[in-house]
Amino acid sequence: IFKVIRVTCDVLNLAQLRRFASSESAFRISQKPSNPTIVVLGVNSSQVRLEWRYSDAPSQYFVQFWRQKTGEKIKQISSSKDGNAFDPSNTEEFVARLPATLILKNVKGGEEYTYRLYLLDSNARVQETHAVFIKVVGK
């Protein structure tokens, strides 16, 4: 009888772990901005909106925005924890809004960056990521 009870408990624990693992892995990006995103100087360069949506967020998680210029190191520019406001949320270069929107301000020629969104779990493990290249054209 003892062996049967122990096996039942092990099966229950395994089922709980699978349910937890599947809920963690369901945290994903469900909508992505176009890639590349084309910025035409003097037309849509004053505000360029990059909007992601995600689904099935766990109770504790991080959303981060990173930026990289070709040939340079990637740099974190903003972060949000558990659905709270981004820090920083408003700079000279961008506004970061919930749930995962980055609005670039006054994009100029030569500002061709790759912007990347990271979804991380409570242990800061990357669950999903998506990159968008900003292509600047015109004047």
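Two strands count as a pair if DSSP finds at least two bridges between them. With that in hand, here is a friendly tour through some close-up views of this predicted model.

**View 1. The whole chain holds one helix and 10 strands.**
Starting from the N terminus, the helix comes before the strands, in the run α-β-β-β-β-β-β-β-β-β-β. The chain has 139 residues, and 34% of them count as buried. The views below pick out two sheets, a pocket and a nonpolar core.

**View 2. Strand 3 and strand 8 run antiparallel and are joined by five bridges.**
Strand 3 covers residues 47-51, while strand 8 covers 101-105. To find your bearings, look for glutamate 51, which stands opposite threonine 101 in strand 8. Strand 8 is mostly covered, with four of its five residues buried.

**View 3. Strand 7 and strand 8 make a hairpin.**
Three residues lie between the two strands. Strand 7 takes in residues 94-97, and its antiparallel pairing with strand 8 extends over four bridges. Two facing positions are handy landmarks here: valine 95 stands opposite isoleucine 103 in strand 8, and arginine 97 stands opposite threonine 101. You have met threonine 101 already, as the residue opposite glutamate 51 of the previous view.

**View 4. Strands 3, 8 and 7 come together as an open sheet.**
The order is 3-8-7, and the pairing is antiparallel. Strand 3 and strand 7 are the edge strands with a single partner each, so one side of each has no neighbour in the sheet. On average, neighbouring strands here are turned by 15° against each other, direction ignored.

**View 5. Five strands build another open sheet, with mixed pairing.**
Reading across this sheet, the strand order is 2-10-9-5-6. At its edges are strand 2 (37-40) and strand 6 (75-81), each of which pairs on one side only. Neighbouring strands in this sheet are turned by 20° against each other on average, again with direction ignored. As a general reminder, strands of a sheet pair through backbone hydrogen bonds, and they may do so parallel or antiparallel.

**View 6. At one edge of the five-stranded sheet, strand 2 and strand 10 run parallel.**
Four bridges join these two strands, and strand 10 spans residues 126-137. A useful pair to look for is isoleucine 38 and lysine 135: the isoleucine stands opposite this lysine of strand 10.

**View 7. The largest pocket has a volume of about 160 Å³.**
Thirteen residues line this pocket, and those closest to its centre are Glu93, Lys105, Asn106, Val107 and Glu111. Strand 8 and strand 9 (113-121) are the elements that give two or more residues to the lining. What kinds of residue make up that lining? Six are nonpolar, one is polar and six are charged.

**View 8. The largest nonpolar core gathers 26 residues.**
Leu50, Trp52, Phe65, Leu102 and Leu104 have the most contacts inside this core. At least two core residues come from each of strand 3, strand 5 (61-69), strand 7, strand 8, strand 9 and strand 10. Which strand supplies the largest share? That is strand 9, with four residues. Strand 8, a contributor to this core, is also one of the elements lining the pocket of the previous view.

Definitions and conventions
Residues numbered from 1 in each chain as written. Predicted model: local features only at pLDDT ≥ 70, side-chain atom pairs only at ≥ 80, totals over all residues. Heavy atoms only, no water. Axes fitted to C-alpha atoms, helices over the stretch in contact; angles between N-to-C directions. 1 Å grid on protein atoms, 1.4 Å probe; cavity = no way out; pocket = protein on both sides within 12 Å on 5 of 7 lines; lining within 4 Å. Points joined across faces, edges and corners; volume = space filled by probe spheres on them. Nonpolar A, V, L, I, M, F, W, Y, C, P; charged D, E, K, R; others polar. Buried < 20%, exposed > 50% of the residue type's maximum accessible area, 1.4 Å probe, protein only. Core = buried A, V, L, I, M, F, W, Y, C linked by side-chain atoms within 4.5 Å.
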